[in-house]
Amino acid sequence: MGDLLREIEAQIAGAKTAAAKQNVGIIRELGDGVARIEGLTDAMLNEMIDLGNGVTGLVLNLEETEVGVVILGDYTKLKEGGEARTTGKLLQVPVGKGLLGRVVNVLGEPVDGKGPIKSDTTYPVEKIAPGIIRRQPVDQPVQTGIMAIDAMIPIGRGQRELIIGDRATGKTTICIDTIISQARLNKAAEAAGDKGYRPLYCIYVAIAQKQSTVARVIGVLEEAGAMPYTVILDSPASDSAANQYLVPFAGAAMGEWFMDHGMDALIVYDDLSKHAVAYRQVSLVLKRPSGREAYPGDVFYLHSRLLERAARVGEKYGNGSLTALPIVETQAGDVSAYIPTNIISITDGQLYLETDLFYQGVRPAISVGLSVSRIGSTAQLKAMKQVAGQLKGELAQFRELAVFAQFGSDLDAKTRAQIDRGKRIMEIFKQPQHDPIPVEVQVAVIWAVQNGYVDQVPVERVKEFQTRFTEFLTTRKGELLGKIEAEKALDDPLRATLKAVADEFKQTWK
Amino acid sequence: MKINKRAQREAKQLFRLCLVNGLLDENHVRQVVRRVVAADHRDCRAILSQFGRLVKLELARHTATIESATLVPPDLRAAIEAGLTRRYGPGLTTTFIERPALIGGMRIQVGSDVFDGSVRAGLAALEKRF
């Protein structure tokens, strides 16, 4: 006991009692999730502020005599006149593989009731995007499993492809299908022990969505077995505007971790129109000057700095990538509104979904004319490029001719053939939701269409033909599909085999 | 009270007039208040309210509040004042307050800077860590 006491005394004698300097302020005004704090002379922009009672704030406005802070938590616990302190830390979120399979809030705290998250690394929510030296061109494909996209509007790893359309046109479904497709590819590569395959991890950021919608998305991903490769960030409609404004940046930070560690990630922002509305609310409460449609002047910068964080970095920097799929909801198909035009100009292309097509039964309702991928065929498998290179042009011609054909029935044989082919291609591109198609099957089917195997099939039976042909390929000609997947290009022997297989199938098709 | 931008701007200009060699001059402040009241300006109340706020913040910036659990002996007071003047420059007003709730040690506040070496702060930090 004597030794213990001496030890404690020695520890006390050696202990330093220096008082650390703190910077404090007084909450002057509180309301709408925003606090105005007097003092805090050392506060930095985007610094986390300890507001007491376990509530944290984020500095967004630095003024001469006070700072404007958005409250990230329960502001009912705070009182005017309360003390606030700087922390010297920027807003950070946990990152890493420990987040996969989890549903988290804006601060990276789990909301799925599956216990704490195992992560000892944090990343700042606001980070400067990789510069030109760190980047390399986008040339590796993201296989969405959606035939219309993979064939005509290919998306590359590191690209930013906007998904735009009215409400209920299948925007979220495209993203969910892409996530499911990645999970299937990742699983298949793991099962085959393919070390050359680079798994694509997915992050789904729900901004101001209904809780029921998010629950449905989680259910679909769980059912498809995609959750082990996915992180879901949720800031529901009932959350504060500050949280809704921050959640895509938190998601980007989580995605950047994968990119910085030489891995590939895909992030879905669902959706940025609601994000802009949340930012407008925060800005108005902070009394920032408003501009067009009452959005603050920096709403373009808000989205450009977010989407610029998607990149493919060079070999020297790990060869990782972060692909972004932002979603924007239009009102009555108006793509020329403020936020849609901003984001169209920032991204590397857009998938435009049309309500009319959706109700005509063309699902996914992608408008081929208005959709574009600025990366183009560089982010496409060579085999796909070989079979689908002309498709977009053919479909565009078909649409023009179809409009022209409405005025008269006397058409020459060539025009009629083009229209017939177009109708069949449109049928082929119809696809049920949550059922992505492997790229090798897509190549084989499109090759069959391009080589006239579907021309004699009645339009209403094209889908049946496709299903049977796919079954035939997967159950009896797995070797051929394996070859297409492995070689990633169609050479003459492979073309001859494809022809033989298609002929064999045609004999059985009635 | 709602203070419009014009009132804020004018209050700031008046406040600047009250600074002599970077320090607030009490006579100037009194004179400004008297004149603004006498002018009976439409925004008089808003201007003076904002002006008062700026003066309050400036005074807080040049006031050191030293709280301790027991009374601080005169030699230690002198040492603290000298140390604070070295750090924050001349023109600092010091106020010593006895606050037994601190249990031990000292807490010094100058403007929004706080140096808390009290036992109570130490215990609070310990509690947070647990």
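Which residue in β17(A) stands opposite L162(A)? Select L162(A) and look across to β17(A): the residue facing L162(A) there is Q350(A). Keep in mind that this is a predicted model.

Next, select residues 162-165 and 349-353 of chain A, which are strands β12 and β17. The two strands run parallel and are joined by four bridges.

With β12 and β17 still shown, add helix α8, residues 338-346 of chain A. Helix α8 packs on the sheet and touches β12, β17 and β16 (321-329) of chain A. The direction of α8 makes about 160° with that of β16(A).

Now bring up the whole sheet. It is open, with eight strands of chain A in the order β8-β14-β13-β15-β16-β12-β17-β18, and its pairing is mixed. To find the edges, select 103-104 for β8 and 372-373 for β18, both in chain A. Each of these edge strands pairs on one side only.

From the β8 edge, go to helix α4, residues 211-223 of chain A. Helix α4 lies across β8, β13 (200-207) and β14 (230-235) of chain A. Relative to β14(A), the helix runs at about 170°.

For the last stop, leave the sheet and select V459(A). This residue sits in the loop of chain A between α13 (439-450) and α14 (462-476). V459(A) counts as exposed because 12 other C-beta atoms lie within 10 Å, and the cut-off for exposed is 12 or fewer. Leaving aside residues up to four places away in sequence, V459(A) touches K423(A), R424(A) and E427(A). Of these, K423(A) is 36 residues from V459(A) in sequence, with the two C-alpha atoms 6.9 Å apart in space.

Key. Residues numbered from 1 in each chain as written. Chains lettered and ligands numbered in written order. Predicted model: local features only at pLDDT ≥ 70, side-chain atom pairs only at ≥ 80, totals over all residues. Buried ≥ 20, exposed ≤ 12 C-beta atoms within 10 Å, placed from the backbone. Contact = placed C-beta atoms within 7 Å. Pairing = 2+ DSSP bridges. Axes fitted to C-alpha atoms, helices over the stretch in contact; angles between N-to-C directions.
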